[in-house]
Amino acid sequence: MNLGFPLFPEQASTMAPRVDALFYFLVAVTSFFVALIFVTIVFFAVKYRRRGENERPAPIEGNFWLEVIWSVIPLGLTMIMFVWGAVIYFDMYNPPDDALEISIVGRQWMWKAQHPEGQSEINELHVPLGQSVKLTMTSEDVIHDFFLPAFRVKQDVLPGRYTTLWFEATKAGEYPLYCAEYCGTQHSGMIGRIVVLEPAEFQKWLSGGATGMSMADLGESLFQRFGCHTCHRGAGTPQGPALTGLFGKTVKLEGGATAIVDEDYIRESIIDPRAKIVAGYQPIMPTFKGLISEEGLLQLIAYIKSLSMPERAQSKK
Amino acid sequence: MSLPEIEHREHYLNINYGIRSWLLTTDHKRIAWLYLLSVTFFFFIGGLFATFVRLELMTPQGDLVQAETYNKLFTMHGVTMVFFFLIPGIPAVLGNFLVPMMIGARDLAFPRLNLASWYIFILGGAFTLTAAAAGGVDTGWTFYTPYSSIYSNTHVALTVVGVFITGFSSILTGLNFIVTIHKMRAPGLTWFRLPLFIWAHYATSIIFILGTPVIAITLVLVGLERIFRLGIFDPALGGDPVLFQHLFWFYSHPAVYIMVLPAMGVVSELIACFSRKRIFGYTVVAFASLAIAVIGFLVWGHHMFVSGQSVHAGMIFSFLSFLVAIPSAIKVFNWTATLYKGSVSYDAPMLYALGFIGLFTIGGLTGLFLATLGIDVHVHDTYFVVAHFHYIMVGGSVMGYLGGIHFWWPKMTGRTYPEGWARLAALIIFIGFHLTFFPQFVLGYIGMPRRYHVYPPEFQVLNVMSTAGASILAVGYLLPLVYLIWSLRYGTVAGANPWGARGLEWQTPSPPPTTNFDTPPVVTEGAYAYEKDPEEIYTVRKPAHV
């Protein structure tokens, strides 16, 4: 048994020192109040200890201004905590636009990751140092949670929808990855590691395991295999809308509503095509529920996204 | 050695004997005993599960039990402690015994409903224990979907039926308290003369009535999805797993206040009695209870900051969670101020009450870390959360419960407990508690997730400390069980009012007569009139006809 133990986890992301600073602030404030209460209680309990059985202390009703003071001061302090914490939280859930995108699929009881270049990993995630990374995550079964203590970030991974998490690593090395949402028998075995590499090292690692097929390429082959191109081709057909340049746009739906074309919208359109019909089209698309794996769906999404990127859209024309 | 004898007169314990006279009783005081025995049983069952959990966690490997078994152990620990000990604990035992006595009534408004609620409780407990005996359940006490509704292969349905049934006993108890407090107060006992124990139970009853139906419906939905594959929570069936969390926490967060508000009520009585002072800022403390009950319904989303709910919803829930902390802080300050210029004695119930303040203060202040969005993301679902809610539920509720049991033991039994042993137990519990749960704050911040059967070796030292503390805590909990039972026969005779307290319940003999008061009291003073003689706080109503 190792008798030494860490009091704080490693700081390995841009978020870690910010969270820790706020944590220290709360430790200081709460320690002060714990000390205040403890010392006051002990002091009063000793000073005003019962000295005779017949003591009858004079009654004290209370004091309006004291009540105001000990309501307003804690309220003010908690509002500092609220705003400070909310600012960090807001930044935690708003990834920068230039973030490197990696897909994560959780299942009982393993983590699967796929890089845009096509490399897959299991229970490991290699990321470059000093580059923001955005994870788009989903689960094949129950709720999991992607937890990186050294980065101070955590996000539930849900079946049936995408959640995202982003971070920027600041220190090369290996750090633990835990599943933090109880997910069944081997929950505590659903662990792994995140490996932070210098950018050059990371590029080397990327090319090392290359399959030659990027996620978008893999998505394109699925697109052909499932016959998606018969309706969704070129500038679109009377059966299906065009997909080029579609990602990120707002589309008009039957019934007047609108929807933003994001990962969740595309996923839903494949699994449950009748949920949202684009105005002017018939609800004739069959469902692909159960036919395409979660990884496959993410590859299709990567492909459809790539159709909105100038270079790729160009080469397809 | 001749045993000390309680004077020969008729009281609620000796008016009749035999098992029927207990199982068919409608006397709130006897029903309180039925609850006392039942929740004590569940407490030690829940404690047994916890013992195995702590033993397993002494080493990083999974060497004592298998993963399936471990998951069932922490689940059954949580289910038993939350639904069958902490929630009914103070209201159904002390509340049942004391609410009528403190307001000068002869019973609760609906005595037969009161007995029915105990039978419902036992029926629910029987279902849950059957589930445990048949092989247990492994979902965690939170029953998160779709794991609970689709994936778990354990006895989920039987367990949720048990919890569902038990909920009705809470609803009926809450209903009974509200009607009783509204309609049956003694003449002269106005709302602002009520003991704070009554205010706390009134606030708790509101949560019982408004919150419990929501968890009942939610568990029915889990059952329907599990048995009939009705798509409600599982996305594969067209459901929404996060919807379950909203519904579950809409009840289960206020349920925390069900556990802690009654304990706050107990502590108010104890602090007043053992400093011989009215509670400082009585009205503020009374309204703080109501504020906690009301705002407590609006903070459930703080359990879901990383669940995928919107960032803006998270911010609103964070803000409201900070607001609900303020009334609790106000209470702590007022209790502390009550000691000022008081006449403080260190009898065992007072030690429990001061222990409550100490542990509840730490529990409450660490709640601020969890309400803070940026910190909660890191510590959510880690041992930091486990430590925090044990400080509130075990540190707070159980200290309050034990303090109350000791304080009213002479009233309930007519005999006193051994003071030295009781003080020792309070001290052992206080020390054992910190050693058990303080290291878990550190464990959580360095990243150990909760519900882990095996864990990385760097977490071991802190886990060993925690297990060592738990064994001290176990001694602390077993001691009162032994000496309280001993005192039933060998304790010294208490008399009507051994503490010199001012509550109405102390102005009638111990044990009280079945009707609580030989003559119905008329109240002429507010609660805690320690500057007056007991005889000055109420008069005896002249019988109308005689």
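Let's start in a loop: B:Arg276 sits between α8 (241-275) and α9 of chain B. Keep in mind that this is a predicted model. B:Arg276 is not a glycine, yet its phi is positive, about 55 degrees. B:Arg276 also counts as buried, because it has 23 C-beta neighbours inside 10 Å and the cut-off is 20 or more. From there, here's a quick tour of the odd backbone spots, the helix packing in both chains and the contact between chains A and B.

**Odd backbone spots**

- B:Asp381 is another non-glycine residue with a positive phi, in this case about 60 degrees.
- Look for B:Asp381 in the loop between α12 and α13 (383-413) of chain B.
- With 23 other C-beta atoms within 10 Å, B:Asp381 is buried.
- A cis peptide bond runs from B:Ser510 to B:Pro511, with omega near -15 degrees.
- B:Pro511 belongs to the loop between α15 and β1 (521-523) of chain B.
- In chain A, the bond from A:Gln108 to A:Trp109 is cis too, with omega near -5 degrees.
- A:Trp109 is in the loop that links β1 (100-107) and β2 (110-114) of chain A.

**Helix α4 of chain B**

- α4(B) covers residues 111-133, 23 residues in total.
- From first C-alpha to last, α4(B) reaches 33 Å, close to the 33 Å expected at 1.5 Å a residue.
- Its buried residues include the aromatics B:Trp118, B:Phe121 and B:Phe127.
- Small residues are buried in α4(B) as well, among them B:Gly124, B:Gly125, B:Ala131 and B:Ala132.
- The buried residues of α4(B) pack against three helices of chain B: α2 (28-56), α3 (67-102) and α6 (156-183).
- Take α6(B): its axis and that of α4(B) come within 7 Å and cross at roughly 165 degrees.
- That angle is over 145 degrees, so α4(B) and α6(B) are roughly antiparallel.
- The crossing of α4(B) past α6(B) is left-handed.
- The contact of α4(B) with α6(B) has 14 nonpolar and twelve polar residues, and no charged ones.
- After α4(B) comes B:Gly135, with a positive phi near 140 degrees.

**Helices α2 and α15 of chain B**

- α15(B) spans residues 460-490, and its axis comes within 9 Å of the α2(B) axis.
- The two axes cross at roughly 155 degrees, which makes α2(B) roughly antiparallel to α15(B).
- This crossing is left-handed.
- On the α2(B) side you'll find B:Gly47, B:Thr51, B:Arg54 and B:Leu55.
- They meet B:Ser466, B:Thr467, B:Ala470, B:Ala474 and B:Tyr477 of α15(B).
- By class, the contact of α2(B) with α15(B) comes out as four nonpolar, four polar and one charged.

**Helices α1 and α2 of chain A**

- α2(A), residues 64-92, has 29 residues that should span 42 Å at 1.5 Å a residue, and its end C-alpha atoms are indeed 42 Å apart.
- Among the buried residues of α2(A) are A:Trp70, A:Pro74, A:Phe82 and A:Tyr89.
- The cover over the buried residues of α2(A) comes from both chains: it includes α1 (15-47) and β7 (153-157) of chain A, plus α10, α11 and α12 of chain B.
- The axes of α1(A) and α2(A) come within 11 Å and cross at roughly 165 degrees.
- α1(A) is therefore roughly antiparallel to α2(A).
- The crossing of α1(A) and α2(A) is left-handed.
- α1(A) brings A:Met15, A:Arg18, A:Val19, A:Leu22, A:Leu26 and A:Val29 to the contact.
- α2(A) answers with A:Leu77, A:Met81, A:Trp84, A:Gly85, A:Ile88 and A:Met92.
- The contact of α1(A) with α2(A) has ten nonpolar residues, one polar and one charged.

**Where the two chains meet**

- In the contact between chains, 77 residues of chain B pair up with 73 residues of chain A.
- Elements of chain B that give two or more residues include α3, α5 (147-151), α9 (282-295), α11 (348-371), α14 (419-445) and α15.
- The top contributor on the chain B side is α10(B), with 14 residues.
- The chain B side that touches chain A divides into 46 nonpolar, 22 polar and nine charged residues.

Note on methods:
Residues are numbered from 1 along each chain as its sequence is written. Chains are lettered from A and ligands numbered from 1 in the order in which they are written. This is a predicted model: local features need pLDDT of at least 70, side-chain atom pairs count only at pLDDT 80 or more; totals for chains, interfaces and linings use all residues. Helices (H or I, at least four residues) and strands (E, at least two) are DSSP runs, numbered from the N terminus. The expected span of a helix is 1.5 Å times one less than its number of residues. A residue is buried if 20 or more other C-beta atoms lie within 10 Å of its own, exposed if 12 or fewer, and partly exposed in between; C-beta atoms are placed from the backbone. Two residues are in contact if their C-beta atoms, placed from the backbone, lie within 7 Å. Axes are lines fitted to C-alpha atoms, for helices over the stretch in contact, and angles run from 0 to 180 degrees between N-to-C directions. Angles under 35 degrees count as roughly parallel, over 145 as roughly antiparallel, 65 to 115 as roughly perpendicular and the rest as oblique. A crossing is left-handed if the near helix is turned anticlockwise from the far one by less than a right angle, and right-handed if clockwise. Ala, Val, Leu, Ile, Met, Phe, Trp, Tyr, Cys and Pro count as nonpolar, Asp, Glu, Lys and Arg as charged, and the others, Gly among them, as polar.
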